[in-house]
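The following exercises concern a complex of protein chains. Each task is followed by a worked solution that proceeds step by step.

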Amino acid sequence: MSEPADASSSHVVGIDLGTTHCAISWVDADLSEGDAIAGRDLAIPQLVAPGQIDARPLLPSFLYLPHPSELTPADRALPWAAPASEGAATESPFIVGELARALGGKTPSRLVASSKSWLCHGGIDRRGAVLPADAPPEEPRISPLDAAVALLAHVRDAWDRAHPETPLAAQDVTLTVPASFDPAARELTAEAAARAGLARVRLLEEPQAALYAWIARSDGAWRREVNVGDVILVIDVGGGTSDFSLIAVRESEGALTLERVAVGEHILLGGDNMDLALAHGVRQKLEADGRTLDTWQLVALAHGCRAAKEQLLTEGGPASVPVVVPSRGSRLVASSLRTELTRDEVDALVLEGFFPAVPASARPAQRARVGLRQLGLPYAQDAAVTRHLAAFLAKQAEATGAAGGLARPTAVLFNGGVFKSARLRARVLAVLGDWLTALGAPAPRELPGADLDLAVARGAAYHAYTRRGAGVRIRGGTARAYYVGVESAMPAVPGMAPPISALCVAPFGMEEGASAALLDEELGLVVGEPVRFRFFGSSTRRDDVVGTVLERWREGELDELAELEAELPTAGRTAGEIVAVRLQATVTEVGVLELDAVPREGTERWKLSLDVRHDAG
Amino acid sequence: MAEPSLSFVSRLALAFAAFFRILADGVFAARVASARDGAPALPHAEPELRLSAPAIPKAAPPPRLREAPTDAALQLLALLQREGRFVDFVKEDVSAFSDAEIGAAARVVHDGCARALEEHMHLRAVRSEPEDSRVTLEANFATEGVRVTGNVRGEPPFTGTLRHRGWRASDVHLPQLTEGHDVTVIAPAEVEL
């Protein structure tokens with residue numbers, strides 16, 4: 001179970017590769033024992049202004065690709081000199097972190113933001129140079145994968161500078177991903193880590209990391225805070241994404257164990273949407289007075305609204321907070337725009353807009369996509385986190401064996417900066433309480449939170465520590481069962497695509513390092529020609545085994561993922577020859593799902609690509 | 001006077017730098033105090049601070065002092081400008097504006113400068129008692145942190161009214177500067193294309 005610990009690796013490290021921020025924490029394994037964890041955060045040096053470097057606990061996950069005439073080499077030098085390996089920030093054309101965000105506020109077409117959401121966007125070529133999405137055609141672009149490499153390389157260089165004796169490449173590193181990441185996005189994240197030189201990486205779901213942080217922080221007291229039979233709902237609303245997980249508290253051989261039993265879907269909805277919603281609300285007020293804002297001022301306004309929101313959403317906070325949009329020019333007094341944000345407006349826009357009190361039967365609205373849509377991120381169409389939550393709990397009800405059509409959490413752990421507001425936490429708890437008491441179940445209690453910004457990195461470090469065999473491990477394995485689509489054998493009907501049935505290749509809950517059984521069915525692959533398969537995942541079907549065939553399934557039971565592609569090399573075979581293969585799924589030690597095609601004879605294996613290059617259109 | 005005189009700008013920069021270093025660095029403050037009083041440097045002062053010719057009691061501070069602190073002062077000014085538009089605010093002619101207009105802009109300055117200071121130093125009151133309360137200064141009270149005023153006579157302990165709580169900075173850290181970065185640009189001109 002535990003890996004051999006070598007002398008060079010007394011540190012175990014957790015990295016939160018977030019949509020809006022990255023953070024890194026570590027545990028000194030030599031100084032930790034049992035529940036006493038010697039955990040530390042590493043401040044990440046980054047450019048905060050041209051030529052100025054400061055170490056901050058958070059690295060904004062922004063890349064900026066400056067024009068040659070924008071900054072001098074001295075303005076963008078970093079404290080680590082020689083490029084250590086591929087993706088080192090010194091040889092890369094980008095600025096990473098705080099300065100990138102600041103520059104991007106004024107020149108958005110050179111800013112790569114939310115690259116992690118693009119990494120999970122199956123509709124694009126994730127290795128293709130597509131970012132920044134609205135860069136002018138002659139300007140350089142990078143792929144979502146390159147962006148992840150650049151962020152990780154910056155974090156690595158920051159670590160190596162602080163710990164030259166124990167470089168990050170030689171440490172056990174746990175890297176977090178959203179629980180809702182599909183297998184291709186997980187694989188790409190692992191690939192990015194490898195390209196950044198992190199050799200000993202494991203992936204961990206962010207909501208689990210938040211719970212690990214809560215455990216690590218409690219010095220063992222968590223065992224008194226939860227009981228066997230508890231179901232912990234982790235609600236993680238980050239800057240750009242919302243992620244839900246259910247973790248059950250069970251008992252095994254007299255000790256409490258934790259098992260992650262369900263994860264939610266990928267929802268592109270977060271705190272930044274709330275700040276922007278407020279900023280647009282305030283802009284309308286200003287425009288009604290005949291005053292206009294440019295893009296930079298809107299960004300500044302969103303900043304101002306975030307601070308005002310936090311004040312107004314405090315219990316017993318002020319009734320209104322002035323918001324001033326600073327002038328773009330030097331005449332600050334003459335040209336700044338003053339307005340105010342009231343408690344009523346924040347209540348209407350944030351509390352009722354994002355966390356409305358809805359019945360448990362509410363579901364997120366799905367508008368039909370209209371006409372030609374620009375190639376952009378698939379943002380959530382319904383802004384109400386509570387409606388997404390209702391859908392999640394209902395979907396997982398059956399799978400977790402809960403009666404009444406709703407999974408029944410008994411405790412809630414909040415994560416993400418949005419929940420710094422006690423009123424938002426109280427609203428979510430009240431809504432959940434209403435749903436559950438209507439079913440005769442007790443209202444869930446709140447688990448006192450860890451640091452909302454740094455919990456994921458700290459929890460990841462704790463997870464890396466548990467890989468040594470110490471501490472408490474959350475079990476769970478893969479959060480979905482996976483299926484390939486095969487055409488049903490039936491007479492062709494003109495004008496109708498042959499129906500697809502789904503063949504299970506990987507059951508729910510496969511642990512790291514496990515291989516599923518070889519699929520009995522044989523598929524014919526043409527040598528030298530790429531063959532594609534439709535690929536599906538289900539977060540609710542727990543009992544399917546390898547080889548289970550689904551002829552039909554309910555709405556929402558199976559989600560279609562990016563296609564799989566198999567291409568057999570021609571070496572030793574004739575092009576065009578058809579080879580019968582069987583599929584086998586493996587979850588690597590890193591935590592990445594792999595599908596291999598195994599021919600009936602011989603010992604060869606070919607890996608299927610989970611991340612198929614997307615055709616234009 | 002034989003000693004070289006500094007330009008106004010250099011003096012302003014030096015005053016800024018010295019101000020913050022005096023707040024942050026008690027030993028330095030003591031040295032400045034003795035330089036101001038014309039006393040010889042403290043016996044345990046660093047060698048470069050020692051007066052080169054002991055025969056001349058009044059010597060200018062050694063020129064070395066001007067180097068890094070000037071950068072730090074300019075850097076702090078740039079920081080206050082970036083975060084709180086400090087230079088824009090104090091350089092603008094505000095005589096024609098109403099208090100409400102100035103007040104609105106002052107919020108930008110206040111919020112931003114407070115954030116900048118918060119991030120780069122720890123500021124706390126020298127005395128924790130409420131202002132205008134009666135306080136007693138013990139016989140060995142720290143002279144550099146407390147100024148006695150008014151009817152100053154006799155020997156401590158002194159009892160008096162706390163008129164100002166004072167401020168003390170600690171944990172001062174400014175962003176590091178890259179080699180070749182021009183700190184005299186407090187804010188670049190901005191040309192939108």
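**Exercise 1. Describe the open four-stranded sheet of chain A: its strand order, its edges and one bridge pair.**

Step 1. The four strands of this open sheet in chain A follow the order 22-26-27-28, with antiparallel pairing. Strands are DSSP runs of E with at least two residues, helices are runs of H or I with at least four, and both are numbered from the N terminus; two strands pair if DSSP finds at least two bridges between them.

Step 2. Strand 22 (523–526) and strand 28 (606–607) of chain A form the edges, each pairing on one side only.

Step 3. Strand 28 is joined to strand 27 (residues 593–599) of chain A by two bridges in the antiparallel sense. Ala597(A) has Trp606(A), in strand 28, as its bridge partner.

A note on the basis of these solutions: the model is predicted, so that local features need pLDDT of at least 70 and side-chain atom pairs count only at pLDDT 80 or more, whereas totals for chains, interfaces and linings use all residues. Residues are numbered from 1 along each chain as its sequence is written, chains are lettered from A and ligands numbered from 1 in the order in which they are written, and side-chain values use heavy atoms, with hydrogens and water left out.

**Exercise 2. State the strand order of the open five-stranded sheet of chain A, and explain why one side of each edge strand lacks a neighbour.**

Step 1. The order is 24-21-20-23-25, and the pairing is antiparallel.

Step 2. Strand 24 (549–550) and strand 25 (559–566) of chain A lie at the edges with a single partner strand each, so one side of each has no neighbour in the sheet.

Step 3. Within this sheet, six bridges link strand 20 (residues 481–487) and strand 21 (residues 500–506) of chain A in the antiparallel sense. Val484(A) is placed opposite Leu503(A) of strand 21.

**Exercise 3. Characterise the interface between chain A and chain B.**

Step 1. Chain A contributes 26 residues and chain B 27 residues to the contact (heavy atoms within 4.5 Å).

Step 2. About 2,200 Å² is buried between the two chains, 51% of it on carbon and sulfur atoms; buried area is the accessible area (1.4 Å probe) lost on putting two parts together, summed over both. Gln52(A), Leu332(A) and Val333(A) supply 31% of the area that chain A buries against chain B, more than any other three residues.

Step 3. Four salt bridges are counted between the chains, each a side-chain nitrogen of Lys or Arg within 4 Å of a carboxyl oxygen of Asp or Glu. One of them joins Glu192(B) and Arg328(A) at 3.4 Å, N to O.

Step 4. Strand 5 of chain A pairs with strand 5 (residues 176–177) of chain B through two bridges, the strands running antiparallel. Here Ile53(A) has Gln176(B) as its bridge partner.

**Exercise 4. Determine how far chain B may be read in detail, using the predictor's confidence.**

Step 1. Chain B has a mean pLDDT of 78, with 66% of its residues at 70 or more; pLDDT is the predictor's confidence in each residue, from 0 to 100.

Step 2. Confidence in chain B is lowest in helix 1 (residues 8–24), at a mean of 66, and highest in strand 1 (residues 122–124), at 93.

Step 3. Over residues 40–54 of chain B, pLDDT stays under 50. Where pLDDT is low, predicted coordinates should not be read in detail.

Step 4. For the complex, the predictor gives an ipTM of 0.70 and a pTM of 0.81.
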